[in-house]
Amino acid sequence: MASTSLSAANTAASQNLRKGSGFVENKPTQCSFSIESILGLEQKKDGVPVVKPHRPWMEACTNLVTDRLSFKRELSWYRGRRPRTAFTRNQIEVLENVFKMNSYPGIDIREELAHKLDLDEDRIQIWFQNRRAKLKRSHRESQFLIAKNTFTSSLLE
């Protein structure tokens, strides 16, 4: 008996929910936001956007060179890249001779070279770093060529 009245109550509640959900579906709901407002595309009645959409890629395309220059000027800390050091033949010759003797010169040798070659010590340090990288790269390439030649000669035999 209790189960029959419980079942009838569940059926009545289910029907009320269906009727209520049908009523809610037909009623237009008002949200406090819209997709257009989120995207910045909300328009007035005359078709003019209320808020300008945020599209930095569009602004970046206009006058790219002048924008970059003005941006660099606005940043007081930005000084740009330092100009590339052009070594003379004599400087390169001296540096190469020192490199043959010692590819990792200490600070005292670098400072002495800087004084004699009229260069900054940090430029000499960078030159040695680059020269070691060049040596490593050429060594790797020569090892590759040796392996390649060995492999191709073994295939031909």
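1. The largest nonpolar core of this predicted model has 10 residues, namely Leu95, Val98, Phe99, Leu113, Ala114, Leu117, Leu119, Ile124, Trp127 and Phe128. A nonpolar core here is a set of buried Ala, Val, Leu, Ile, Met, Phe, Trp, Tyr and Cys residues joined through side-chain atoms within 4.5 Å, where buried means under 20% relative accessible area, exposed over 50%, and partly exposed in between, with a 1.4 Å probe and protein chains only. At least two residues of this core come from each of helix H5 (89-101), H6 and H7. In soluble globular proteins, nonpolar side chains tend to be buried together.

2. Within that core, Leu95 may be a useful residue to display, with neighbours within four places in sequence set aside: Leu95 is in contact (heavy atoms within 4.5 Å) with Phe87, Leu113, Leu117, Ile124, Trp127 and Phe128.

3. As to the basis of these statements, residues are numbered from 1 along each chain as its sequence is written, and side-chain values use heavy atoms, with hydrogens and water left out. The model being predicted, local features need pLDDT of at least 70 and side-chain atom pairs count only at pLDDT 80 or more, whereas totals for chains, interfaces and linings use all residues.

4. For the overall fold, the secondary structure comes to seven helices and zero strands, where helices (H or I, at least four residues) and strands (E, at least two) are DSSP runs numbered from the N terminus. Buried residues make up 11% of the 157 residues in the protein, and of the contacts with a separation of 6 or more, 40% are accounted for by residues 24 or more positions apart.

5. Two arginines deserve a look, and the first is Arg110, which lies in helix H6 (residues 107-117) and counts as buried because its relative accessible area is 13%. The side chain of Arg110 reaches the backbone oxygen of Pro105 at 2.9 Å, a polar contact in the sense of a pair of N or O atoms within 3.5 Å, where within protein one must be able to donate a hydrogen and the other to accept it, and residues adjacent in sequence count only if both atoms are side-chain atoms. Leaving aside neighbours within four places in sequence, Arg110 is in contact with Pro105, Glu121, Ile124 and Gln125.

6. Gln125, one of those contacts of Arg110, is found in helix H7 and is partly exposed, with a relative accessible area of 32%. The C-alpha atoms of Gln125 and Ala114, 11 residues apart along the chain, are separated by 9.6 Å.

7. The second arginine, Arg131, lies in helix H7 (residues 121-156) and is classed as buried because its relative accessibility is 18%. Not counting residues up to four places away in sequence, Arg131 touches Glu96 and Phe99.

8. Asp118 merits a check of its backbone, since this residue has a positive phi of about 55° although it is not a glycine. Most residues other than glycine have a negative phi, and most peptide bonds are trans. Asp118 is placed in the loop between H6 and H7 and counts as exposed at 70% relative accessibility.

9. Finally, the lining of the largest pocket consists of Arg81, Arg82, Pro83, Arg84, Thr85, Phe87, Arg123, Ile126, Trp127 and Asn130.

Terms used: On a 1 Å grid over the protein atoms alone, a cavity is a set of points where a 1.4 Å probe fits but cannot get out, and a pocket is an open set with protein on both sides within 12 Å along at least five of seven lines; lining residues have an atom within 4 Å of a point.
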